[in-house]
Amino acid sequence: MTASQATDRAIDLEHGTISREIFVSPDYYRAELEKLFTRAWLFVGHESQIPNPNDFFVSRMGEESVILCRDPQGKVHVFLNSCRHRGMKVCRYEQGNTPLFVCPYHSWSYTTDGKLQGVPLYRSLYEGTLNRDQWPLIEVPRLALYRGSIWASWDPQAPSFESYLGSALEHLDQVLDCRDGRPGGAEVIGIHKWVFPSNWKFAAENFLGDSYHNPSHRSVDMVGIGPSGQRGQSSRRDNEYTGGQRFWVGHPAGHGMTGALMPESTEYVATYLQHPAVDEYFRHCFYERKRRLGEQARLLPLVGTIFPNAAYHGRQPRSICVWHPHSPTETEGWRFFLVDADAPAEVKDVLRRYYMRYSGPAGMTEQDDMENWLYATAASKGTIARRYPLNYQMSMGAYRTDDPIPGDVSLQITEQMARNFYRVYAGYLDGGDWDALIGPDRAPLRAAAE
Ligand code: FES
Ligand SMILES: [Fe+2]
């Protein structure tokens, strides 16, 4: 079965149906690893994780382990975590600092700029045969450092990260930037890593803006786990969206998100009622952001997915999550929690506790979501189940393009972002060229405002 035949049959956007095969079949999974994860820009980490020379963080791209590190000159690299001799993982730690990655197997060693430096018994066993310059760690050819975040692509022909994101950049900025509107300035205060029995796309799709699944979180809303301590729908996050116009937006390159456009006259709505110092911090940030960004400050993000597998919570609980594929029916989630690096310690501490209540394997809201993804995977594996496609018909044709929000915008809940995601997904599996994959995009709001 070629990918082209497969996607022709499986993804029917005209009728809004998608075969369950793409969530369970080893053939699709193999095609994803070979044709999608080798080309798309993937999130690999954040600069705050490797601030000093020789700092490293072991990340992943698709199924493969990669080392994100900073060399002695301060340059950032991403290397395949596999020795050139017999393929052993050269780094088996999660993060740290080292001038040399010494392979545990036969002790070949590599510097943090990737060069093969040490080969035991070189003179007697390899002299005249092995040219060390030709056997460095395999380096990812495309790297983008964007407002602290680090992205990589294995495709030398990939468009720039900024072109790949298009108008979705403006939404991503709101995750990466300080709460008072300064660009960048975040730090990762912790990462949750956990494996769960679901296809990775169920998770990626959820964060495209599936607001239809709110009933899944009813118990969380009743308990009131949010930073305000209040109960009721949306109390699980914060109160700053009060009075905003919700929107759902898709981008030609497959990204999708939901957020709110606030009225021009919005004032701060207190959230951190039990922590006056924290509330004061966010009150200050709210007005400072408004002063800095002007019209742009009206845009508040909720959640989004940067194609294919990086998802974010834009305001609270502020984080970037990567859904690493393990197999058709197994995924490893990594959620990176972000705070303003220069926020007071009390702010960071309150946020850290809230992040853990909400997200990750023990987080109450993420547990609700995971339960859906893993049962959807399990219940789609059967022979009979696989004969019946899934329904993606919600709000077909509801997009509008005359809004001040960048991208293609819907003002009602829609599965258009998912349809768009799978259109682009099919494009990768069919080996589409980059022009077709990233499509035309409209200028970001910031350009329009200038
Ligand atoms: S596998 Fe790394 S030194 Fe042999
Ligand atoms: Fe959810």
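Cys69 is buried, with a relative accessible area of 0%; buried means under 20%, exposed over 50% and partly exposed in between, with a 1.4 Å probe and protein chains only. The model is predicted, so local features need pLDDT of at least 70 and side-chain atom pairs count only at pLDDT 80 or more, while totals for chains, interfaces and linings use all residues. Residues are numbered from 1 along each chain as its sequence is written, chains are lettered from A and ligands numbered from 1 in the order in which they are written, and side-chain values use heavy atoms, with hydrogens and water left out.

**Cysteines**

How many disulfides are there? The count is zero, a disulfide being a pair of cysteine sulfur atoms within 2.5 Å. Cys69 forms none because the closest cysteine sulfur, in Cys91, is 9.1 Å from its own, too far for a bond. Cys178 is in no disulfide either, and the nearest cysteine sulfur to it, that of Cys285, lies 7.9 Å away. Cys178 is also buried, at 5% relative accessibility.

**The iron site**

The iron ion (ligand 2) is coordinated by His213 (NE2), His217 (NE2) and two OD atoms of Asp369, at 2.1 to 2.5 Å. Donors here are N, O and S atoms within 2.8 Å of the metal (3.2 Å for Na, K and Ca); water is not among the atoms, so sites may look incomplete. Along the chain, the donors follow the spacing H-x3-H-x151-D. His217 sits in the loop between helix H7 (200-206) and helix H8 (218-223), whereas Asp369 is in helix H11 (residues 364-378), 152 residues apart. Helices (H or I, at least four residues) and strands (E, at least two) are DSSP runs, numbered from the N terminus. Both His217 and Asp369 are buried.

The angles among the four donor atoms run from 55 to 138°, and the site is irregular. Four donors count as tetrahedral if all angles lie between 85 and 135 degrees; four count as square planar and six as octahedral if opposite donors are over 155 degrees apart and all others between 65 and 115; anything else is irregular.

**Cavities**

There are two cavities of 30 Å³ or more. On a 1 Å grid over the protein atoms alone, a cavity is a set of points where a 1.4 Å probe fits but cannot get out, and lining residues have an atom within 4 Å of a point. The largest cavity holds about 110 Å³ of space, and its lining includes Arg179, Asp238, Phe282 and Gln316. The second largest holds about 60 Å³. Among the 14 residues that line the second largest cavity, Phe282, Arg318, Val339, Asp340 and Leu351 are the closest to its centre. H10 gives the largest share of that lining, four residues.

**Backbone details**

The peptide bond from Phe307 to Pro308 is cis, with omega near 0°. Pro308 lies in the loop between strand E16 (299-306) and strand E17 (310-313). Another cis peptide bond joins Gln316 and Pro317, with omega about -15°. Pro317 is in the loop between E17 and strand E18 (319-327).

Two residues other than glycine with positive phi are listed here.

| Residue | Phi |
|---|---|
| Asn54 | near 70° |
| Ser107 | near 75° |

Asn54 is in the loop between strand E3 (42-46) and strand E4 (55-61) and is buried, at 14% relative accessibility. Ser107, in the loop between strand E8 (100-102) and strand E9 (109-111), is partly exposed at 35%.

Terms used. On a 1 Å grid over the protein atoms alone, a cavity is a set of points where a 1.4 Å probe fits but cannot get out, and a pocket is an open set with protein on both sides within 12 Å along at least five of seven lines; lining residues have an atom within 4 Å of a point. Grid points are joined across faces, edges and corners, and a volume is the space filled by probe spheres set on the points.
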